[in-house]
Amino acid sequence: MELLDPVILLQFLIGGLLAGALYALLACGLNLVFGVMRVINVAHAEFMLIGAFIAYVLYKWLGLHPVVALLVTVPAVFLLGVVVQRLLIERVVGRPLLTSLLATYALSIILVNLGLLIFASDYRAVPVMQGSLAFGDIVIPKPRAAAALVSIVITVSVYLFLGRTRLGKAIRAVSEHAQVAQICGIDVVRIRMLTFGLAAAMAAAAGVMLTMIYSFSPESGADFTQKCFAIIIIGGMGNFLGALYGGILLGVVESFVGGFVSTQWAEATAYLLLVLVLLIRPTGLTGIADAR
Amino acid sequence: MSKLKSFWSALVLGLAVQAIAAGAAVAKDIVVGTSVALTGKYARTGQEQLQGFEMWVDEVNARGGLLGRKVKLIHYDDESKPETGAKLYEKLVTDDKVDLLIGPYSSDVTMAASTVAEKHGMPMVSSGASASEIWERGYKNIFGLYTPANTYMDQILEFARSKGLKRVALIYENTAFPIDIGNGVKAAAKRLGMEVVFEEEYGKASTDFSSMIIRMKAKKPDVVVGGSYLPDSTAFMRQAKENRLYVPIFAFAVGPALPDFGKNLGADANGVMGNSQWEPTLRLPGVHEFAAKYKAKYGHEPPYHAGGGYGTGQVLEAAVKKAGSVESDKVRKALLGLDIVTTFGRYKVDATGKQIGKPGYTIQWLDGVREVVLPDDAATHKPVYPFQDWAKR
């Protein structure tokens, strides 16, 4: 069978890794928020789309390349995330899970409809850096490679920030045990603002890179939100690295399923993988959700 | 006391006057109902269709209305979902008590919506649907304007065959209209002695075709045909470039017929073929005026979806005039016998209500412009062959 050709197999693997890196960037933010405040942010993908639309507008008006637009978009959405945390999410932290689910769901509906009002439901894209680099028979799509690179740089930076810096350690402390962290003198409200800002910024970065890969509309978020949930459950809820593993695993498996079975089955991969992981390891690959 | 009494009587009187006025307005206006996608996957196309129809409503009212009555349009957003569409038509018929129905956008929403029209015995004039399946259910109340989907790709495949191409790769979304295109492609390929070397369906939400493309590439096709809409056709072309899938002809349904195709793909749209129900350059009555007015109002050339919406209005107008009434039975009979040429093209249906009078057109993106390339008598440009290899762009 021609599909067992090593070149094709390698091509599937590359495609999967590149897609997986972008998934990971998106899912890590979601998991960070869950880890620190036990809030499931249903509006996470909408922050990704905010990033995408800012990049689109900057390209349309100023001709700015999305990679350059990152420098503006990421800090802007970070601030937006901080404000949203202060005004909305902070009020539902520590409440029953349903409360935060409803609050973020409402936020998602508001953001989607705002997007529809401003941008209508047309599909947009930024047609720059299209095509691919070829190495013999192997091709590496340019926009996807750039997106994966940005994903890796940001994800690793955030990981190092969490592990090496005082502030990062404070975030982890709040994630481990908010009350004890507070007793130790950590300003948990501030930490939560920082965390949500960080998560929103990571999502926005993913969104900016997305503009060169897919066409998107204000309603494109739902698909990504669902996949992100699957990823963090697969990888382990609340664990930063779990989302990274989960994202990459999903990207690669999707690519091979799409290659060997069909695109339709690839769409279902996230959920099949989810069932499989839950059967074998109910806490996910690295889960802490039920550990305490 | 008397003051209070007069207040109450004034209020009651006021309400009564309002009720009479409202009642009179309902009796006077001819109310046309539709659902149309304003959000979801078919939003862009749905909106164009609605705008085209609204333009006809404005014009017919400026001309003094239909049968001397004003035409009023009630429309709802079906979110591109068949189940929502069906519910909305139920509401239009039973709640809003509309006089006439026009169809929604897309074949899958029309499949559901026409069932409601059939149940209530109300004729529905449909632009925006072309899957043959809609007319194969024995329904008596659905009348189409679009050239049926199973003939969409015939001109392109004939052209491909004339260039000696034989290996067809066929992909399509798994809903009524794209599946019908797929069936048409398979039949045409067989008739023309071509071979379908790759075939795959994909889901409505699919945006990543990379793995599919790698697999398709291994089959070495010469023609790629997509039974697609806008987001999937743009995603496919972008990923075809990324994965260096090169064939002499790329052809897609719906997507290339829209201005957004060029906006989203930029120079990569160049050379892609597609099919169109209608183009603003065609030599048909009123096309020029309609296109100019539409552009002035909405800022862009009308795509065929807008032309279809406008044409629906003209067909409805002709049928109601012929029937001399908006009674369902009379309008249905008029729609069956009607044979007219509108701004959208000829309208003539067979006994099932399926369109048999209107031809289809083939378009191609050339230097950022959508040109009609086939058939020869409607062409604004010669077809450019072959598609320029990605490596040489």
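Here are three short exercises on this predicted model, each with a worked solution.

**Exercise 1. The contact between chains A and B**

Work out how many residues each chain gives to the contact, and which elements of chain A take part.

*Solution.* Start with the head count: chain A puts in 32 residues and chain B puts in 33 residues. Next, look for elements of chain A that supply two or more residues to the side touching chain B: these are helix H1 (6-37), strand S1 (132-135), strand S2 (138-141), helix H10 (240-260) and helix H11 (263-280). Finally, sort that side of chain A by class, and you get twelve nonpolar, 13 polar and seven charged residues.

**Exercise 2. Helix H8 of chain A**

Check the span of helix H8 (residues 188-210) of chain A against the expected value, then decide whether H8(A) is largely enclosed or not.

*Solution.* Helix H8 of chain A has 23 residues, and its first and last C-alpha atoms lie 33 Å apart. At 1.5 Å a residue you'd expect 33 Å, so the two values are close. Now for burial, where a residue needs 20 or more other C-beta atoms within 10 Å of its own. In H8(A), 20 of the 23 residues are buried, so the rest of the structure largely encloses this helix.

**Exercise 3. Two domains in chain B**

Find the domains of chain B and describe how they touch.

*Solution.* The domain assignment gives domain 1 (12-16 + 22-147 + 283-347) and domain 2 (150-276 + 361-392). Over C-alpha atoms, their centres are 30 Å apart. Domain 1 brings 16 residues to the contact and domain 2 brings 15 residues. On the domain 1 side, helix H4 (residues 107-120) of chain B has the largest share, with three residues. By class, that side holds five nonpolar, six polar and five charged residues.

Note on methods. Residues numbered from 1 in each chain as written. Chains lettered and ligands numbered in written order. Predicted model: local features only at pLDDT ≥ 70, side-chain atom pairs only at ≥ 80, totals over all residues. Contact = placed C-beta atoms within 7 Å. Helix = DSSP H or I, 4+ residues; strand = E, 2+ residues; numbered from the N terminus. Nonpolar A, V, L, I, M, F, W, Y, C, P; charged D, E, K, R; others polar. Buried ≥ 20, exposed ≤ 12 C-beta atoms within 10 Å, placed from the backbone. Domains from an automatic or database assignment.
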